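Let's walk through this model together, going from domains to the chain contact and then to a single helix.

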There are 2 protein chains.
Amino acid sequence: MSVRAGIVVTGTEVLTGRVHDRNGPWLSEQLQRLGVDPVAILVVGDRPPDILRALRFLAAEGCALVLTTGGLGPTADDLTVEVVGRFQGRELVLDEALEGRIAEILRPMIARWPDLDPEAVLTSNRKQAVIPAGAEILEPVGTAPGLVAAPLADGDGPTIVVLPGPPRELQPMWHAALAASPALRAALSGVIEYRRDMLRLFGIPESEIAATLRAAEQSGIAIDRLEITTCLRRGEVEVVTRYEPEQAAVYAALAGFVRERHGRTLFSDDGTTVDEQVFALLHGAGETLAVAESCTGGLLSARLTERPGSSEVVRGGLVVYSDDAKVALARVDPALIARVGAVSQEVAVALADGARTALDADVGVGVTGIAGPGGATKAKPLGLVWLSVSHRDGRRLTRSVTLPGGRADVRDRSTTVALHLVRRLLLGGDDDVIAPG
Amino acid sequence: MSVRAGIVVTGTEVLTGRVHDRNGPWLSEQLQRLGVDPVAILVVGDRPPDILRALRFLAAEGCALVLTTGGLGPTADDLTVEVVGRFQGRELVLDEALEGRIAEILRPMIARWPDLDPEAVLTSNRKQAVIPAGAEILEPVGTAPGLVAAPLADGDGPTIVVLPGPPRELQPMWHAALAASPALRAALSGVIEYRRDMLRLFGIPESEIAATLRAAEQSGIAIDRLEITTCLRRGEVEVVTRYEPEQAAVYAALAGFVRERHGRTLFSDDGTTVDEQVFALLHGAGETLAVAESCTGGLLSARLTERPGSSEVVRGGLVVYSDDAKVALARVDPALIARVGAVSQEVAVALADGARTALDADVGVGVTGIAGPGGATKAKPLGLVWLSVSHRDGRRLTRSVTLPGGRADVRDRSTTVALHLVRRLLLGGDDDVIAPG
């Protein structure tokens, strides 16, 4: 059985673009893991009529489950609970036991902020204990409780899960609801789990994959039984296939077909990212990494240290944004910079070696490029990035790429290219999959 | 006159959470600058019925303008143009002149990818030249053209602007459409521009602002004539107010009221970010900055170098993720680390001084903390971060905070606290606005 579901993200700050929504995508992933198909994510402002119409739209779309995020705070523009109550025809009531529990949560916070008027805080937060009668309460992770509200016995429409806006409150509360809410369990009963597999390629244009999919179909693979989406992400092409378990052989045939045609550029067929692969390769070899980065200004180090445990393989990094820093930290010869320029093959090599030496690492990475908007010349255009990776044992890979896009794109894509260059070096391969643009 | 508008973001990769949408928020901001109110952002998959229903929803919401993103690529799952044509009752036709222009764009790309089958590319991309009859073409920025399609003369419904998915294609194309599309200009004719102002505060809980807004109302300020939203972002509280120009005096009264009550924590009333203020302060004084960061692993350097021109004030940074790196790069005494631990006041101070010295900068910043999930102890809990800022002239500010959330939250919020500490030092103030958590 397939259950349709939808997500309503509320918040004028999200609708107006000031805050980037992380909850919609996260909840969408959670639903898919449960085998539930999200039909849409709606982002609306804090205005009750807009929230109400979003709920009606998803109900009309046949959703049996709707998740809402945001609008549970203490301020007057937080009205999600009220709207959900009205939508389901439930009366709003003050839950005094819940009010007491929220007051307990607030007590230490009030103590920490010496200038706070405790009365104002409690008034602000009493509102958070007013809930639609008969809804299940999800205990606060921060200060706001969530709700699971099934349609009334004589009504139809979706079961609504009301979650807070801050991701660090929403995520544990969602897991708690899954574990313990009878109403949510009832809404999810009987769903079938689809499988989802991903192929990741680097150094190939998306149109080439489109041609391969057509060729696969012509060769007799029944790809109409698979739901395939391809997209470009951070310079990689991702091919994601969702299918019912009985179509596993069709997917295996497709994956084999892609592997045969794109063996050099296909770097992942098991969901792993290049970040994970680089970590595993270093970890497996007991080796460490250090970087010296100019145009990326710290992004490569930040990406390498995103995962817990990265301290086992990442020694550290030099952010050598200025030429002086290249000299002072990475021991690049200033005469070399004067002769060939900071964005050059030679300086990339010197940065890789300098990082490796300064941090006594096994592998060094150097990145130097023109992220723009200034600094480009005819010979060194915007987006030109030189990258070098060197190993303590003498191996080295050095390449230039010219990346499309603006400053943020060039900086971000450079980190992807750097990771692939490290991966190639660690696999002992040549670097022919580093594409020219 | 108020024009209602909506945004449809298409793409299964976005709906399923694999790719984070940047276009919806960006377009929302663009619309607001034009005085147009976005009523909703809908994220839907690549399935034509879902896209069609999203268009119908926004039409029913009274939108005179709908922007779509994505689904213009060469693959078979890119169907936005077809759906828009069907929605407006326009026939789909191959525009041969456009096909020729796309072929021109593809020629150098085909040359760059030696293994590419040129025929496959051209077939894949012919599809991109099939457009609804009578729609205005927006010339490709990448390879995909966009469209502006007004309702047919005998129809009603919104004018639809069809834009590509990659932000670096979408953004210039939107500006080009604004500059040159008669149909878009007609849809926007006569809108009034709202004003939008923002107050930013640091070191104060959101509930305190809610209390202040209630107090402002009680004091007689007609805040019901303003549309006020507050939100927490990266550890700061933002109060955004939208209002019609004739309510400027009411807004001025509100801003004055907030300034009076929260003078110590209000750091921006003109839209500037703390990043911009730190840059301006350094630039104005002709001073430079260097950082040594442990738990943030490069994020602080990356944030400082996000803006073009940052090389004028940012000398560089040390990513001292391992203890060895703290010693080797920032010259922290290993005996000190052994005695007090890497996450400590003393090491934060040593990192700030070490960064300043190693990079010969005027201001040094040191950050060391426990981002988790491992490494916490009872005395040093998850989220504990020590920060220090030191100036060449001997001034210094050092503080610890205990930040809420997971690894990514702690890392990100630490960069905000660091910037505020730098700002306080540069303003010559004490550091009493650095909140405890």
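How far apart do the C-alpha centres of domain 1 of chain A and domain 2 of chain A lie? They lie 38 Å apart. The assignment for chain A, which is automatic or taken from a database, gives domain 1 (4-188), domain 2 (195-268) and domain 3 (274-427).

Some housekeeping: this is a predicted model, where local features need pLDDT of at least 70, side-chain atom pairs count only at pLDDT 80 or more, and totals for chains, interfaces and linings use all residues. Residues are numbered from 1 along each chain as its sequence is written, while chains are lettered from A and ligands numbered from 1 in the order in which they are written.

Now the contact between the chains (C-beta atoms, placed from the backbone, within 7 Å): chain A puts in 86 residues and chain B 85. On chain B's side, strand β2 (residues 37-44) gives the most, with seven residues. Strands here are DSSP E runs of at least two residues and helices H or I runs of at least four, numbered from the N terminus. β2 of chain A (residues 37-44) pairs with β2(B) in the antiparallel sense over five bridges; pairing takes at least two DSSP bridges. Across that pairing, A:Ile41 stands opposite B:Val43.

Finally, look at helix α10 (residues 248-261) of chain B. B:Tyr251, B:Leu254 and B:Val258 are buried there, with 20 or more other C-beta atoms within 10 Å of their own (exposed is 12 or fewer, partly exposed in between, C-beta atoms placed from the backbone). The buried residues of α10(B) pack against β9 (195-202), α9 (206-218), β11 (236-243) and β12 (266-268) of chain B. Turned away from that buried side are the exposed B:Ala249, B:Ala252, B:Arg259 and B:Glu260.

Conventions: Two residues are in contact if their C-beta atoms, placed from the backbone, lie within 7 Å.
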